[in-house]
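Here is a short tour of a two-chain structure, written for someone who likes to check the geometry along the way. Please keep the viewer open as you read.

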Amino acid sequence: MLVINTCKIASRLAIRSLQLRSLNASRTFSTGLALKQKDVVNVTFVRANGDKIKASGKVGDSLLDVVVNNSVDLDGFGACEGTLTCSTCHLIFKTNDYEKLPDKPGDEELDMLDLAYELTDTSRLGCQITLSKDMDGLEVHVPSTINDARAA
Amino acid sequence: MGSNLLNIWRRGLHTSSSRWQVFQTTTPTKRICIVGAGPAGFYAAQQLLKKLDDCVVDVLEKLPVPFGLVRFGVAPDHPEVKNVINTFTKTAEHPRLRYFGNVSLGVDVTLQDLRDRYHAVLLTYGADQDRELELENERQGNVISARSFVAWYNGLPGAENLSPDLSGRDVTIVGQGNVAVDVARMLLSPLDTLKTTDTTEYALEALSRSQVERVHLVGRRGPLQAAFTIKELREMIKLPNVDIRWRSNDFSGIEEQLEKLQRPRKRLTELMLKSLKDQGKASVAGFKQFLPIFLRAPKAIAPSEMEFSVTELQQESAVATSATERLPSDLILRSIGYKSSCVDSGINFDARKGNVRNSEGRVLKDETSGKVDPGLYVAGWLGTGPTGVILTTMSGAFAVAKNICDDIASKALDTSSAKPGFEADDKQIITWDGWKRIDAFETEAGKAKGKPREKIVNIEEMLRIAGA
């Protein structure tokens with residue numbers, strides 16, 4: 001439900017993320033009121049250094065929406081805003097989860113993934129993944145860009 | 001001695017809050033100057049503002065308008081790619097960022113002056129020159145660079161008078177990168193699809209009179225070394241009323257190598273092979289033609305044709321044979337890469353490679369010692385050379401910004417003394433608000449024509465609108 005940044009953050013960052021958290025909490029809460037609990041899908045983003053970021057969206061949101069709406073701290077994520085012209089929302093799925101995804105990637109998505117760093121057989125673009133209720137609890141890995149790898 | 005001890009004792013009596021005040025006043029604002037408001041500059045600024053909460057970032061841009069190649073390079077029919085402008089705008093509107101448009105390094109301000117005024121200077125002014133074929137007659141009228149052609153249709157100030165001669169039937173593009181493919185697509189696209197883009201009005205007018213029917217896209221090496229990416233090729237294949245004609249000879253032995261290729265290269269090659277299989281025996285009447293040609297190296301230029309050496313691959317390099325081929329070429333577009341220019345004598349510039357000598361974005365002192373010049377950094381194409389998509393530039397800029405933060409933390413970069421930052425003299429400076437006035441004007445002017453914007457090309461006009 002909340003953006004929870006784990007470990008290794010300086011205190012001022014913690015304060016900032018607390019502010020962010022309350023901001024998100026109120027935002028999620030306001031939509032949450034209108035939504036039935038069953039429409040909420042919890043997702044965990046796992047950074048290359050192992051940090052886990054929990055966030056939530058509603059059924060029908062894309063994983064890019066989840067990152068944007070929760071202000072998940074992933075630098076440069078979603079540069080083209082979901083228009084399939086970049087690969088900055090590259091996410092890596094566990095094999096099981098990947099195989100359960102209802103839609104297979106189309107040519108255009110694969111074309112963009114081909115330009116991504118650390119491409120795997122279970123890579124997808126977050127903007128192309130639509131949340132369904134059975135994805136609740138999903139964990140996806142965020143590839144380490146040069147930046148993340150060095151920060152880790 | 002005694003009074004010293006007393007002072008120390010007194011100081012010890014200060015409350016922690018007053019000590020904090022003393023600490024704050026003795027830690028000056030960290031001032032960082034970024035030269036060039038393109039993707040590398042904005043991505044670096046975004047990262048610096050995030051990681052250093054006591055820094056001010058000033059962005060200097062030669063032109064009045066920001067965004068560099070996102071505005072002047074990205075093809076007009078790829079508006080989605082320009083969505084990054086929204087992220088850049090957020091960065092630009094950060095309270096600790098100041099934008100100074102219309103300030104040119106090496107003309108209005110020297111590098112030394114900037115280094116005196118900032119703790120760190122990050123050069124991100126890109127690559128504004130192009131590599132040449134180094135052939136005789138390269139300066140003749142029918143040879144232009146793809147870079148200047150792109151600048152022309154995208155409205156880069158100074159490029160509006162290019163007047164490319166589109167009265168002939170055959171265009172030869174030398175080079176097969178994505179810039180080359182962009183240019184081919186602009187020449188072959190139905191005009192109606194370009195009319196709703198931000199292609200400049202004069203370019204649309206010239207393209208409407210174009211007699212170009214065939215575009216050759218020539219590369220020195222083979223299909224497995226093709227430099228264009230798959231998205232750009234797929235677009236060419238889907239282009240309406242254009243027949244794509246491959247040479248089957250170029251693909252002999254290629255299918256057999258598919259299995260050992262990495263996925264991106266494999267998918268690109270499979271798409272070329274599929275397109276080759278799909279092509280009809282005869283060309284389609286009334287269709288324009290797109291003709292990718294491999295294994296040909298530029299040899300000579302004549303008034304309406306170009307001569308190429310037939311090449312062979314040896315360890316992935318193209319080696320010229322004695323055989324040659326001539327291609328009809330009413331217009332020749334050179335697209336074999338960009339290089340940067342050295343705008344200030346204080347920059348350790350490698351003229352041969354066309355970039356700034358650096359180690360992970362830290363500019364080196366000289367050609368040989370390998371020592372870093374503290375406080376001077378480079379990111380984007382100016383440092384890496386002109387390769388990669390925007391993701392590449394983004395990752396690179398983030399990494400250099402991280403290095404600046406690390407250098408400040410490790411005190412490799414001295415930030416103990418206060419720095420004044422940039423002060424404008426008599427020259428008209430364009431602020432971010434000034435750019436917003438230009439932006440609003442362009443958007444409004446585009447509306448009437450069904451375009452996202454009609455770019456202003458004249459600098460005087462930009463200054464006038466920004467200053468209003």
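Val171(B) stands opposite Val215(B), which belongs to S8(B). In S14(B), the bridge partner of Val171(B) is Leu331(B). Before going further, please bear in mind that this is a predicted model.

Val171(B) is on one side of strand S7 of chain B, and the pairing of that strand is easy to follow. S7(B) pairs in the parallel sense with strand S8 (residues 214-218) of chain B, over 5 bridges. With strand S14 (residues 331-334) of chain B, S7(B) again pairs in the parallel sense, here over 4 bridges.

Is S7(B) enclosed or open to its surroundings? Being buried means having under 20% relative accessible area. For strand S7 (residues 170-174) of chain B, 5 of the 5 residues are buried, so the strand is largely enclosed by the rest of the structure. In a regular strand, side chains alternate between the two faces of the sheet. Both faces of S7(B) are covered: one side carries Asp170(B), Thr172(B) and Val174(B), the other Val171(B) and Ile173(B), and all are buried.

Now let's turn to where the chains meet. In chain B, 29 residues are in contact with 30 residues of chain A. About 2,700 Å² is buried between chain B and chain A, with carbon and sulfur atoms giving 53% of that area. On the chain B side, Lys50(B), Arg263(B) and Leu391(B) lose the most area to chain A, together 22% of what that side buries.

There are 9 salt bridges between chain B and chain A. One of the salt bridges joins Arg234(B) to Asp111(A), with the closest N and O atoms 2.5 Å apart. The count of residue pairs in polar contact between the two chains is 12, both residues being at pLDDT 80 or more. Helices H3, H5, H11, H12 and H14 of chain B each give two or more residues to the side that touches chain A. The largest share, 8 residues, comes from H14(B). By type, the residues on that side of chain B divide into 10 nonpolar, 8 polar and 11 charged.

Finally, a look at backbone angles. Most residues other than glycine have a negative phi. The table lists two residues with a positive value.

| Residue | Phi | Loop | Relative accessibility |
|---|---|---|---|
| Ser71(A) | about 45° | between helix H2 (63-69) and strand S3 (90-93) of chain A | 32%, partly exposed |
| Asn241(B) | near 60° | between H11 and strand S9 (242-244) of chain B | 46%, partly exposed |

How values were computed
Residues are numbered from 1 along each chain as its sequence is written. Chains are lettered from A and ligands numbered from 1 in the order in which they are written. This is a predicted model: local features need pLDDT of at least 70, side-chain atom pairs count only at pLDDT 80 or more; totals for chains, interfaces and linings use all residues. Side-chain values use heavy atoms; hydrogens and water are left out. Contact means heavy atoms within 4.5 Å. Buried area is the accessible area (1.4 Å probe) that two parts lose on being put together, summed over both. A salt bridge is a side-chain nitrogen of Lys or Arg within 4 Å of a carboxyl oxygen of Asp or Glu. A polar contact is a pair of N or O atoms within 3.5 Å; within protein, one must be able to donate a hydrogen and the other to accept it, and residues adjacent in sequence count only if both atoms are side-chain atoms. Ala, Val, Leu, Ile, Met, Phe, Trp, Tyr, Cys and Pro count as nonpolar, Asp, Glu, Lys and Arg as charged, and the others, Gly among them, as polar. Buried means under 20% relative accessible area, exposed over 50%, partly exposed in between (1.4 Å probe, protein chains only). Two strands pair if DSSP finds at least two bridges between them.
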